[in-house]
Amino acid sequence: LLSGVDHVGIAVADLDTAIDFQRDTFGLELTHREENEDQGVREAMLAAPGDSTGATRIQLLAPLRADSAIAKFLDRNGPGLQQLALRVTDVDAACAALRDRGMRLLYDAPRRGTADSRINFVHPKDAGGVLVELVQPAQ
Ligand code: CMX
């Protein structure tokens, strides 16, 4: 079911400042940005120049609201790595398999993620201290 590492997510206070930093320092290019009201984030996807579709990306996540998961993460930890996102071909089947292995999934059913993907999360306490996102990209 696993088809790769989709992205690594970094919590940031200000999205535009973080995009400029990643471009000017590491040469990463902005490939996508959006606001996800459900997740309470303003977000951007960046990739190495010339990366084809399917490559691992860097996701920058800034809070839209004070009560969002990213706002809470920033309050507690400051900016930094917030999540590891694994790409799966069937998120429903992946969640069922992980539940069978004793993992707690945060949502009963997958929700909408970046670019109309379907997402769920494994609780970080069940995954070695890492918030693992499962992403099934839109067709
Ligand atoms: N990575 C690793 N550990 C984390 C963590 C993270 N991102 N976020 C919280 N934790 C740890 C906390 O430090 C805490 O540890 P201790 O008990 O040892 O102190 C523990 O997990 C539980 O913390 P909590 O206070 O009970 O829970 P929070 O309110 O911090 O919520 C979580 C944690 C994962 C449930 C919440 O962040 C969440 O719902 N995340 C999923 C949604 C999300 O992250 N959305 C933003 C991204 C959107 C996108 O990718 O599209």
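In this predicted model, strands β2 and β3 pair in the antiparallel sense over seven bridges, and within that pairing His32 stands opposite Met45 in β3. The two strands belong to an open sheet of eight strands with mixed pairing. The points below take up the sheet, the nonpolar cores, the surroundings of the ligand, and a few individual residues.

**The sheet**

- The strands of the open sheet follow the order β2-β3-β4-β1-β5-β8-β7-β6.
- Because β2 (29–36) and β6 (111–112) each have a single partner strand, they stand at the edges of the sheet, and one side of each is left without a neighbour in it.
- As a general matter, the strands of a sheet pair through backbone hydrogen bonds, in either a parallel or an antiparallel sense.

**The nonpolar cores**

- The largest nonpolar core is made up of ten residues, namely Ile10, Val12, Leu15, Ala18, Ile19, Leu28, Ala44, Leu46, Leu60 and Ala62.
- Two or more residues of this core come from each of the elements α1 (15–26), β3 (41–47) and β4 (57–63), and it is α1 that gives the most, with three residues.
- Leu60, itself a member of this core, is in contact with Ile10, Val12, Leu15, Ala18, Ile19, Gln22, Arg42, Glu43, Ala44 and Leu46 when its neighbours within four places in sequence are left aside.
- A second core, separate from the one just described, has nine residues, among them Val88, Cys95, Leu105 and Leu134.
- In soluble globular proteins, nonpolar side chains tend to be buried together.

**The ligand and its surroundings**

- There are 18 residues around the ligand, and of these Gln39, Lys72, Arg76, Gln82 and Lys125 come nearest.
- Two side chains approach oxygen atoms of the ligand: a polar side-chain atom of Lys72 lies 2.7 Å from one such atom, and a polar side-chain atom of Arg76 lies 2.8 Å from an oxygen atom of the ligand.
- For Gln82, by contrast, the approach is through the backbone, with an N or O atom of its main chain lying 2.9 Å from a nitrogen atom of the ligand.
- The ligand taken alone exposes 970 Å², and the protein buries 69% of that area.
- Gln39, one of the residues that come nearest to the ligand, lies in the loop between β2 and β3 and counts as buried at 17% relative accessibility.
- Beyond residues up to four places away in sequence, Gln39 touches Arg65, Ser68, Tyr107, Arg112, Ile119 and Phe121.

**A buried glutamine and an exposed aspartate**

- Gln59 lies in strand β4 and has a relative accessible area of 3%, so this residue is classed as buried.
- The side chain of Gln59 makes a polar contact of 3.2 Å with the side chain of Thr114.
- Thr114 is also among the residues that Gln59 touches, together with His7, Val8, Gly9, Ile10, Glu43, Ala44, Met45, Gln83 and Glu133, residues up to four places away in sequence not being counted.
- Asp24 has its place in helix α1, and with a relative accessible area of 58% this residue is exposed.
- The side chains of Asp24 and Arg23 are joined by a polar contact of 3.1 Å.

Terms used. Residues are numbered from 1 along each chain as its sequence is written. This is a predicted model: local features need pLDDT of at least 70, side-chain atom pairs count only at pLDDT 80 or more; totals for chains, interfaces and linings use all residues. Side-chain values use heavy atoms; hydrogens and water are left out. A nonpolar core is a set of buried Ala, Val, Leu, Ile, Met, Phe, Trp, Tyr and Cys residues joined through side-chain atoms within 4.5 Å. Buried means under 20% relative accessible area, exposed over 50%, partly exposed in between (1.4 Å probe, protein chains only). Helices (H or I, at least four residues) and strands (E, at least two) are DSSP runs, numbered from the N terminus. Contact means heavy atoms within 4.5 Å. A residue is near a molecule or strand if one of its heavy atoms lies within 4 Å of it. A polar contact is a pair of N or O atoms within 3.5 Å; within protein, one must be able to donate a hydrogen and the other to accept it, and residues adjacent in sequence count only if both atoms are side-chain atoms. Accessible areas come from the Shrake-Rupley method with a 1.4 Å probe; for residues, only the protein chains shown count as cover. Two strands pair if DSSP finds at least two bridges between them.
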